[in-house]
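Visitor: I would like a close look at one part of this protein, taken slowly, and I am curious about its aromatic rings.

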Amino acid sequence: MRILRAVGSRLSEIRIMAPLPFLSRPPRCFSRLQQNHLQSRDQFSFGVAFDIDGVILRGRVPIGGSPQALRRLLGDSGSSKVPFVFLTNGGGLPEHRRASELSELLGVKILPSQVLQGHSPFRNLLKRYEDQLIVATGKGEPALVMSEYGFKNVLSLEDYASLFENIDPVSQYKYWATKKPMDRSDLSRNIVPTCDIHSKSVKAVFVVSDPVDWGSDIQVICDILRSGGIVGHKGGTQPPLYFAADDLEYQAGAFFFEAAFPSERLGLGAFRIALESVFNRVHHSPLEYVSFGKPNPFVFKNAESVLNQFQPADEHGGFKECGPVAHPFETLYMIGDNPFVDVKGAREAGQPWFSILTRTGVFRGEHNHAEFPADLVVDTVEDAVDYILRKESRS
């Protein structure tokens, strides 16, 4: 059985509403003349996609002059003059929650429509699994994420496993299991499938974000996939398995924590490798799965589609949402810190993507990356935005 890695064209485009960021005056060299030049265009000829961890934030701390950089994309009134999104493999929270957190930390209003997370494409699978029993795992609130996308019968892997006695043989040694779980909204507490768990098969497993308890997750996911979706049974076709991303490492400093570790941490791709290795040793057929997230070219094509919905509203600035745009972008800038994810993805997506690599995250090299060289290497995200605005003002 072949391993499914790419996302086919059958997946529809994500429909996201347009943003309306606010705040303050652009500083330094982004002069009023440059502003007027950008405002005078009938439509945007360029857009920007920012990675978050290692570019905008490290942990909960803004880095590289990110607040100032973002404000330079805004007009005097605080309305956006340049369409931009956050394109991240991170996740675990609904987009509106992540946007709220970003707004608070950066001092710039970010709307959910501007946040494209690794699991955002999962909403494209709603028609297929809307009423089916599915299991979601990962840090944060994976079941809540899927529920807000519209999935009606979803359980977190932790809650699903709790319905089977002794499914995790070492659970008694996990001291955190008896502690009060992370505060959750009323919605997530009320997510209860309308079916008999012990007789109804799980139709799909979604790895929404980095799992917290790898051992338990690997055990339970293997149980689900090997049994055809009904734990305790033997045989059956493997239910589909979806990963929100497949990056091996990322810049330390998860969104939920105050401090950042100085070196890279293993990412969702590392968990996938571990799960696949175990599954292929205990099952007669290789693991089948679909991976989303950067560097998948689909993610960049989708970001382009989302950015294309953002058009100037009037002479006062701001954005309006519209349908498909006849005139494509001349340039889309991907600003990231990971050559294997951000640069590779932009290169594989092709025109009109232009990759900019910062030295504030995974990449710290003096020169360009040897295997996946970016179109431009800068020290910080503020340097990247400065380059973009200077270049576009001369276009």
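Is Phe-243 buried or exposed?

Guide: In this predicted model, Phe-243 counts as buried, because its relative accessibility is 0% and the cut-off for buried is under 20% relative accessible area. To see what surrounds this answer, it helps to begin with the search of the whole structure, which finds 19 aromatic pairs. One of these joins Trp-214 and Phe-271, whose ring centres are 5.4 Å apart and whose planes stand at 75 degrees, so the pair is edge-to-face, given that angles over 60 degrees count as such. Trp-214 belongs to helix 8 (residues 214-226) and Phe-271 to helix 9 (residues 268-282), so this pair ties together parts that are 57 residues apart in sequence. Trp-214 is partly exposed, with a relative accessible area of 28%, whereas Phe-271 is buried, with a value of 0%.

We can now return to Phe-243, whose ring pairs with that of Tyr-289: the centres are 5.7 Å apart and the planes lie at 90 degrees, so this pair is edge-to-face. Phe-243 sits in strand 9 (residues 241-243), while Tyr-289 sits in the loop between helix 9 and strand 12 (290-291), and the pair therefore ties together parts that are 46 residues apart in sequence. Tyr-289 is buried, with a relative accessible area of 1%. Finally, there is an aromatic cluster formed by Phe-122, Tyr-129, Phe-151, Phe-206, Tyr-242, Phe-292 and Phe-298.

Methods
Residues are numbered from 1 along each chain as its sequence is written. This is a predicted model: local features need pLDDT of at least 70, side-chain atom pairs count only at pLDDT 80 or more; totals for chains, interfaces and linings use all residues. Side-chain values use heavy atoms; hydrogens and water are left out. Rings of Phe, Tyr and Trp (its six-membered ring) pair if their centres lie within 6.5 Å; planes under 30 degrees apart count as stacked, over 60 as edge-to-face and the rest as tilted. Helices (H or I, at least four residues) and strands (E, at least two) are DSSP runs, numbered from the N terminus. Buried means under 20% relative accessible area, exposed over 50%, partly exposed in between (1.4 Å probe, protein chains only).
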